[in-house]
Amino acid sequence: MQDLSELIESARKDFAAAEQPAALEDAKARYIGKTGQITVLMKALGQLAPEERRSRGQEINRAKAAIEAALNARREALAEEELRKKLESEAIDVTLPGRGRTPGGIHPVMRTWMRIEEIFRSIGFDVADGPEIESDWFSFTALNNPPNHPARSMQDTFYVDRTDAEGRQLPLRPHTSPMQVRYARTHEAPIKVIAPGRTYRVDSDATHSPMFHQVEGLWIDENVSFTDLKGVYSNFLRCFFETNDLVVRFRPSYFPFTEPSVEVDMMFTSGPRKGKWLEISGAGEVHPNVVRNYGLDPEKHIGFAFGSGLERLTMLRYGIDDLRLFFEGDLRFLRQFN
Ligand code: DAH
């Protein structure tokens, strides 16, 4: 008859050799599973003589209890080992230095935007914001553009796949000038406002990007003249570039929404960019038709408007010669401004 102490010993060894819970359960099956050795011995009891059966049965039960005890002890040991490993791998060394966090910075074009708001607020201008998906009317018609003006064409302007009530496709605003009309129609004169924001045109090279920024300015009262435009805009440039060493000229030009119209050029009279004229903005006295579209009487209300590119101003302020740098998100470039 099989020596049960050997069987117990062999189970203990097998359990001790199991390194994983799954291996331990396999080992268990070999002894006390459905076809395990203990189970087989139990089943064989029936073939013994009755007097032998009783003592042998007790012996097998004791062996089974011993094997179960060994199994449970090993289960606990494995569970403990697993917990120990987990704690070890997840331990935090609180004495290590922190990883540190790099704070975000302000994009140079945004910095320009903020500075412009600050400068114009300081002389009593409101700051307005408006939709980037505009209507054809606000973008062109209200600004005195003739129906076949090239700016309307698909080559210059992006359109979205939606139409307005008249069946005209909606443009992505190609300039901030619609904000003149939007603001003037919803505010009482006198009007003093700037509207900085994103604008869109089908254009892409070193000095043009399909998305860019402009700031629109508008001052309407009963006597705001071209002289006021010259004074306000020249003063703005001196504040923005933080220097008096610049000269400003107002060169005759054409825009449908102003009369007279000018392009504003400036020249630094010192520093590395001394002596070169740089185009910086469109401007003019608002055309009577546009004043009418504001809902005002051009016989009574008059004033100036301007529209300047924020990328342009930023490039001049920092001496950047490729506009695409603004949109590439290269931190080596951007970090220089923070
Ligand atoms: N909207 C013009 C453009 O995008 C710029 C401009 C010119 C705006 C003259 C004005 C203005 O308000 O008076 O090219």
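User: In this predicted model, at roughly what angle do the axes of helix 5 and helix 8 cross?

Analyst: Helix 5 covers residues 108-121 and helix 8 covers residues 226-241. In the predicted model, their axes come within 10 Å, and they cross at roughly 130°.

User: Is helix 5 parallel, perpendicular or oblique to helix 8, and what hand does the crossing have?

Analyst: Perpendicular pairs run from 65 to 115 degrees and antiparallel ones start over 145, so a crossing at roughly 130° fits neither. That makes helix 5 oblique to helix 8. As for the hand, the crossing of these two helices is right-handed.

User: Which class of residue, nonpolar, polar or charged, has eight members in the contact of helix 5 with helix 8?

Analyst: Helix 5 brings Thr-112, Arg-115, Ile-116, Ile-119 and Phe-120, and they meet Val-232, Phe-236, Cys-239, Phe-240 and Phe-241 of helix 8. One residue in this contact is polar and one is charged, while the class with eight is nonpolar.

User: Over on the strands, which residue is the bridge partner of Thr-163?

Analyst: Strand 2 (residues 159-163) and strand 3 (residues 169-171) run antiparallel, joined by two bridges. They form a hairpin with five residues between them, and Gly-167 in the turn has a positive phi of about 80°. In strand 3, the partner of Thr-163 is Gln-169.

User: How far apart are the end C-alpha atoms of residues 60-90?

Analyst: An unreviewed UniProt entry places a "coiled-coil region" at these residues, 60-90. In the model, that stretch is 97% helix and 0% strand. Its end C-alpha atoms are apart by 45 Å.

Definitions and conventions: Residues are numbered from 1 along each chain as its sequence is written. This is a predicted model: local features need pLDDT of at least 70, side-chain atom pairs count only at pLDDT 80 or more; totals for chains, interfaces and linings use all residues. Side-chain values use heavy atoms; hydrogens and water are left out. Two strands pair if DSSP finds at least two bridges between them. Helices (H or I, at least four residues) and strands (E, at least two) are DSSP runs, numbered from the N terminus. Axes are lines fitted to C-alpha atoms, for helices over the stretch in contact, and angles run from 0 to 180 degrees between N-to-C directions. Angles under 35 degrees count as roughly parallel, over 145 as roughly antiparallel, 65 to 115 as roughly perpendicular and the rest as oblique. A crossing is left-handed if the near helix is turned anticlockwise from the far one by less than a right angle, and right-handed if clockwise. Contact means heavy atoms within 4.5 Å. Ala, Val, Leu, Ile, Met, Phe, Trp, Tyr, Cys and Pro count as nonpolar, Asp, Glu, Lys and Arg as charged, and the others, Gly among them, as polar. UniProt positions are given in the numbering used here, feature names are shortened, and annotations may be inferred rather than shown by experiment.
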